[in-house]
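Hi,

Here is the structure I promised to pass on to you. Have a look at it first, and then read on for what turned up.

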Amino acid sequence: MLRLACLLALLTGSTAAQSVEAPTTRPIGEQSPLPTGKSVVKVEACGDLIDVFAFKPASYTGLRLIVVLHGVLRNADEYRDHAVAMAERFGALVIAPRIDA
């Protein structure tokens, strides 16, 4: 749960991350831009590297974000893929972090 809290704080740029442990990387929005379509980025949160599966539709304007959380199978890439139609419909960025137990 701590990893998820750190990741969400990192992604949103929240100061709540500082109360747990200050992130050593910048929020995703301040890193190099994600390419249009599907991608995978590694994000450091609370000292751990986390794979974040993303989908950015061509219509993305920077206003909407869909966070998809996987279940016990840790198949974040499949969860991201299931959210692609919704992302395209609403012009939203999808992120699906793969969190270890």
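Which residue in E4 is the bridge partner of Val-52? Pro-97 is the one that takes that place. Before I go further, please keep in mind that this is a predicted model.

Now for the sheet as a whole. It is an open one with four strands, in the order E1-E2-E4-E3, and the pairing is mixed. E1 and E3 (65-67) sit at the edges with a single partner strand each, so each has one side without a neighbour in the sheet. From one strand to the next, the twist averages 25°. If you are new to sheets, the general idea is that strands pair through backbone hydrogen bonds, in either a parallel or an antiparallel way.

Let's go through the pairs. E1 covers residues 37-45 and runs antiparallel to E2, with nine bridges joining them. Together, E1 and E2 make a hairpin that has two residues between the strands. Cys-46 is in that turn, and its phi is positive, at about 55°. One of the facing pairs here is Glu-44 and Leu-49, the latter in E2.

On to E2 and E4. E4 spans residues 93-97 and is antiparallel to E2, with four bridges between the two. Besides the Val-52 and Pro-97 pair from the start, you can find Ala-54 opposite Ile-95 of E4 and Phe-55 opposite Val-94 of E4.

E3 and E4 are the parallel pair, joined over three bridges. Val-67 faces Ile-95 of E4, so to speak, and Ile-95 is also the residue opposite Ala-54.

What about burial? Seven of the nine residues in E2 (residues 48-56) are buried, so the rest of the structure largely encloses this strand. E4 is largely enclosed by the rest of the structure too, because five of its five residues are buried. Leu-93, Ile-95 and Pro-97 point one way from E4, while Val-94 and Ala-96 point the other way, and all are buried.

Two residues are worth a click of their own. Start with Leu-49, which lies in strand E2. Is Leu-49 buried or exposed? Its relative accessibility is 63%, so Leu-49 counts as exposed. Apart from neighbours within four places in sequence, Leu-49 is in contact with Lys-42, Val-43 and Glu-44. Glu-44 is also the residue that stands opposite Leu-49. Ile-99 is 50 residues away from Leu-49 in sequence, and their C-alpha atoms are 9.6 Å apart in space.

Then there is Arg-80, which you will find in helix H3 (residues 76-82). With a relative accessibility of 7%, Arg-80 counts as buried. Which residues does Arg-80 contact, leaving aside its neighbours within four places in sequence? They are Lys-38, Ser-39, Phe-53, Ala-54, Phe-55, Val-94 and Ala-96. Val-94 and Ala-96 are the two that point the other way from Leu-93, Ile-95 and Pro-97 in E4. The side chain of Arg-80 also makes a polar contact of 2.8 Å with the side chain of Asp-81.

That's it from me. Happy browsing!

Conventions
Residues numbered from 1 in each chain as written. Predicted model: local features only at pLDDT ≥ 70, side-chain atom pairs only at ≥ 80, totals over all residues. Heavy atoms only, no water. Buried < 20%, exposed > 50% of the residue type's maximum accessible area, 1.4 Å probe, protein only. Pairing = 2+ DSSP bridges. Axes fitted to C-alpha atoms, helices over the stretch in contact; angles between N-to-C directions. Contact = heavy atoms within 4.5 Å. Polar contact = N/O pair within 3.5 Å; in protein donor to acceptor, adjacent residues only side chain to side chain.
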